[in-house]
Amino acid sequence: MFLIPCPYCGERDQSEFAYAYQAHVHRPKDPDRLTDKEWADFVFIRDNPKGVFAERWIHAAGCRRYFNLMRNTATDEILAVYRIDEPQPKVEPALPATPSGEAPIGSGNDAVKVVKPAERGS
Amino acid sequence: MLEPDRRSPLHHRTEISAEEAAHLRELPFQGKIVLRGDAGSIGDAAADVLGAQLPVEPCGSALGANLAILWIGPDEWWIITEAGVERDTQARLSVALQGRHHQTVDVTDYYTTIEVAGLRVIEMLSKLTTLDLHRRAFPLGRVAGSMFAQTQATLWHAGSDEYDSPSFRLFVRWTTADYLWCLLAEAGREFGLPVQEPLAGETWRLAR
């Protein structure tokens, strides 16, 4: 569980919010001319990056408004929160210094296993 | 002939009390109107009817002429009136806001109001919600929607009770009102509130 800063109400617990998938997915301007593949891309295909991801959330139990949020999916760090009518801000990923940017502890990545000083000698 | 019989969601409950520690009662049929619109466009006309400006700061409220205006969202307010005058208030609002983009809905019978107050009320409510209810974080007049155990409700810090302890109003949907009532009684059991058996017979264990 983590705290999410709603752009209207301020910081609240995650249990008040609902996830609403990827942000900035725009409906095609000329739907008549779309191929099946382009329709499938619009309807079904979403990015699933490891790292910074712009997504929509709704403050379902509070003010009931959608808003956009940029989150590092590897560390759950929230990098930016902005209203639906605001442009996407530029954010510095600020990823941990590991090969692919995941958290050093608890990510399940054995390549960055933390070696405690006591283990070093054996 | 059937006589029309208006019953509140918690008509089967009576006020329960643990003296100054906590007390709990339903305020049946309190008028509730949803008002939606842009504050800049409907604010002045609505203020003429309501007797107070629409509160625009998030999670705030304002007191008007025998009614209260609660901030629910950036373009949404609830108008809480005394029982029986909600239709009149809604009609006057509709006349005053004619021609402006807005919406009013009477949700009096969709929600009910539970008044919960007392010396230990913040400890009671904190068992059910993640909101910070300390008087610095949740001062008089503050409004917040949140989850209370498994149900959504809107909490309003409305005033003080006769012992000068905080008094909150909880606006909860009809279908989950009995659940929340029994859970509030359970949360206040250590302070002396009597056990309330849920209608649906469910059981629970609260973190202490």
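How far is the sulfur of Cys63(A) from the closest cysteine sulfur? The distance is 3.7 Å, to Cys9(A), which is too far for a bond. A disulfide here is a pair of cysteine sulfur atoms within 2.5 Å. Over all chains, the structure holds zero disulfides. Cys9(A) is accordingly in none. Both cysteines count as buried, at 10% relative accessible area for Cys9(A) and 0% for Cys63(A). Buried means under 20% relative accessible area, exposed over 50%, and partly exposed in between (1.4 Å probe, protein chains only).

The model is predicted, so local features need pLDDT of at least 70 and side-chain atom pairs count only at pLDDT 80 or more, while totals for chains, interfaces and linings use all residues. Residues are numbered from 1 along each chain as its sequence is written, chains are lettered from A and ligands numbered from 1 in the order in which they are written, and side-chain values use heavy atoms, without hydrogens and water.

Chain A and chain B are in contact (heavy atoms within 4.5 Å). Eleven residues of chain A and 18 residues of chain B take part. The buried area between the two chains is about 1100 Å². Carbon and sulfur atoms give 47% of that area. Buried area is the accessible area (1.4 Å probe) that two parts lose on being put together, summed over both. Ala61(A), Arg64(A) and Arg65(A) supply 43% of the area that chain A buries against chain B, more than any other three residues.

Three salt bridges cross this interface. The term denotes a side-chain nitrogen of Lys or Arg within 4 Å of a carboxyl oxygen of Asp or Glu. Arg64(A) forms a salt bridge with Glu76(B), at 2.9 Å from N to O. On the side of chain A that touches chain B, four residues are nonpolar, two polar and five charged. In this scheme Ala, Val, Leu, Ile, Met, Phe, Trp, Tyr, Cys and Pro are nonpolar, Asp, Glu, Lys and Arg are charged, and the others, including Gly, are polar.

Aromatic pairs number eight over all chains. Tyr110(B) and Tyr111(B) form an edge-to-face pair, 4.9 Å centre to centre with 85 degrees between the planes. Rings of Phe, Tyr and Trp (its six-membered ring) pair if their centres lie within 6.5 Å; planes under 30 degrees apart are stacked, over 60 edge-to-face, and the rest tilted. Tyr110(B) is partly exposed at 44% relative accessible area, whereas Tyr111(B) is buried at 7%. Ring pairs link both tyrosines with Trp78(B) and Phe171(B) into a cluster.
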